[in-house]
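This report introduces a structure to a reader who has not met it before. Please look through the sequence and the model first, then read on.

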Amino acid sequence: MKITVKYIAILFVLSIFSIGIFYFLNLNNRRAVEARTLELAESEGRTIEKVLGTASVYLLDKGEAHLIRFMDEIFSNDQVVYVAIKRSGSLLHAASKYEGYLPLDSEFQAVKTFSSPLGEIIEVASAMKDRSGQPYTAHIGYFFSAIGEIRNAAKKNFLLLTVLQASIILIIIAFLYGFSRQMLRKEMEIQRQKEEKEKFQEISLITAGINHEIRNPLNSLYLSYQMLEPLLDHANQEAVFHSNSLKREIKRVQGIIERFSNLSRVMPVRREEVDLEQFFVDMQNVWAGMAVRPEISHHHEPNMKVSTDRSLLTQIITNVVSNAAEAGASHIDIAITTQKGKTVFSIKDDGPGIRREHIKYIFDPFVTFKASGSGIGLALTKKMVLQLGGRIEVESTEDHGAEFRIYL
Amino acid sequence: MKKLSACLFVVLGVISLTAQSPVFHYFDQKNLIDIQGQVLAIDFEEIYGKKSAFLMLSIQSEDQRLFQVEVCPQWFFTADIAVGMRINIRGSLLENSAGTTYLIAQEISLQGERFTLRDSKGFPLWSRSGGGRHGNRKGSGGRGKQ
């Protein structure tokens, strides 16, 4: 678990770091494009300023009126926003395409750019003197819409690239995360199976010992009983009672040993097409012999068949039903469905349910939470389900029954 | 007394509106002032050639100075305005040859509503692409408040 948390933290930091790097690279690129565009615009502005300066000096020599007419000619161009002529710092002549809009600064600047609601404007200004030495400045403000377009394109590309790169990084990170989670889950499953195998190996050793140490003396005991039984005075009620009691206890111990042996024994699987309709008809006979018999209902699609071992399936269903009945269920409902190619047996009861802290031990051998139980039934059930290549799970809330689901 | 005041306002309004607007008048961003006063007269003038007629106001400030205020094209400003209303104006101050104090309005506050007419450099907001009508209303009260 610690590895997962650490791994997620590393992936998170890595993704943020990568997105950050790409963000700054894109931002840098955008700024470089904008700066270069502005540089080009100003370079063009300086060229215009030289032409304006030369022409203005020539025209001013001819008289102010010539310069004003020249500026008005320039003003008629669509791209020009305003023109102005200042004499000794005061406005001599001006024209603007937008009512009263003449954004002249008090400080002279040959080329400047600024924004307006309709786009970038470049102002070119040229300073000169007339013959009498009186200073003049001529100003032309014109739209350089390309700046705005390039800036917008750079901004759009910046956003697009950043979002695209961030998405790609997040997809890669998500893929890595999912892949590692899957690997981790597989590793945990292998570990769990290994532990289970070791546990069963230990149980096998114990049951083999029990078999060896108890089964043979028990068989001798039963043989002695069988020899003794005909010699009994059957008129003596007490002797008959004790004889029957002895026989029943020997059988019970034999039964326990048999079930212990089943836990360690490798069960052969003989698959066949099991018709569920017929299967449940046969099950009625099995359930008829149960000491406590709750109401049992079952439902499935008509003509449904399952490819499995009939004998193992009978034992599995019987074990789960018996477990519910012993726990105190009065109604058990068995539903068989198909999910993702698997046959699912859902066995739901209205018993007292299983306490949350008990659920994880419910399939462990020799663990029982009932007053009378050996703790073998559900462990054996799980072993048989695994033997069939399936899995079993349980869901329960205390006092609200339990649901066992068997996927085959 | 009330009748006399009304007559005086009308006379003053007519005097101020007949005064000529400056020859090279433009929005000078370095020459902004705020005035508070009362509307003496309302008129419409074609001050930018054949373009839409402009709303012109004659205002008497609290210090009794008279201003001729150039607001915006009449289609851009449709708030209720009437002679005698109190008004706050921020605008660029110009003086013409006739000595009339001329103001190009940037922002007007009227009955709790603020109308932005030009940006900080004096660009007329009615000339923006998709600029809409009625100015940029701000503040509390009135129609279309923001």
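What follows covers the overall make-up, a sheet and its helices, the contact between chains, and a few single residues.

The structure is a predicted model. Chain A has 8 helices and 12 strands. Of the 408 residues in chain A, 38% are buried. Among contacts in chain A with a separation of 6 or more, 62% are between residues 24 or more positions apart.

**The sheet**

An open sheet in chain A is formed by 5 strands, in the order β7-β9-β10-β12-β11, with mixed pairing. Its edge strands are β7 (295-299) and β11 (391-396) of chain A, each of which pairs on one side only. On average, neighbouring strands of this sheet are turned by 15° against each other, direction ignored.

At one edge, β7(A) is joined by 5 bridges to strand β9 (residues 331-339) of chain A, and these two run parallel. Within this pair, A:Ser297 stands opposite A:Asp333, a residue of β9(A). Helix α5 (residues 276-288) of chain A lies across β7, β9 and β10 (342-349) of chain A, and runs at about 155° to β9(A).

**Helix α6**

Helix α6 of chain A takes in residues 310-327. Does its length agree or disagree with the value of 1.5 Å a residue? The 18 residues should span 26 Å, and the end C-alpha atoms of the helix are 26 Å apart, so the length agrees. The helix is mostly covered, with 13 of its 18 residues buried. At the start of α6(A), a side-chain oxygen of A:Asp309 comes to within 3.0 Å of the backbone nitrogen of A:Ser311. After α6(A) comes A:Gly328, which has a positive phi near 115°.

**Positive phi outside glycine**

Most residues other than glycine have a negative phi. Two residues of chain A that are not glycine but have a positive phi are listed here.

| Residue | Phi | Loop in chain A | Relative accessibility |
|---|---|---|---|
| A:Lys340 | about 50° | between β9 and β10 | 87% |
| A:Asp399 | near 70° | between β11 and β12 (402-407) | 59% |

Residues count as exposed when their relative accessible area is over 50%. A:Lys340, at 87%, is therefore exposed. A:Asp399 is likewise exposed, because its relative accessibility is 59%.

**A buried threonine**

A:Thr137 is found in strand β5 (residues 135-143) of chain A. Is this residue, A:Thr137, buried or exposed? Its relative accessibility is 15%, so A:Thr137 counts as buried, the cut-off for buried being under 20%. The side chain of A:Thr137 makes a polar contact of 2.9 Å with the side chain of A:His139. Beyond its neighbours within four places in sequence, A:Thr137 is in contact with residues including A:Ala84, A:Ile85, A:Phe108 and A:Met128.

**Chain A against chain B**

The size of an interface is often given as the accessible area lost when the parts come together. Between chain A and chain B, about 1600 Å² is buried, 62% of it on carbon and sulfur atoms. Which three residues supply more than any other three of the area that chain A buries against chain B? They are A:Glu99, A:Gly100 and A:Pro117, which supply 39% of that area. Counted by contacts, 18 residues of chain A meet 19 residues of chain B.

How values were computed. Residues are numbered from 1 along each chain as its sequence is written. Chains are lettered from A and ligands numbered from 1 in the order in which they are written. This is a predicted model: local features need pLDDT of at least 70, side-chain atom pairs count only at pLDDT 80 or more; totals for chains, interfaces and linings use all residues. Side-chain values use heavy atoms; hydrogens and water are left out. Two strands pair if DSSP finds at least two bridges between them. Helices (H or I, at least four residues) and strands (E, at least two) are DSSP runs, numbered from the N terminus. Axes are lines fitted to C-alpha atoms, for helices over the stretch in contact, and angles run from 0 to 180 degrees between N-to-C directions. Contact means heavy atoms within 4.5 Å. The expected span of a helix is 1.5 Å times one less than its number of residues. Buried means under 20% relative accessible area, exposed over 50%, partly exposed in between (1.4 Å probe, protein chains only). A polar contact is a pair of N or O atoms within 3.5 Å; within protein, one must be able to donate a hydrogen and the other to accept it, and residues adjacent in sequence count only if both atoms are side-chain atoms. Buried area is the accessible area (1.4 Å probe) that two parts lose on being put together, summed over both.
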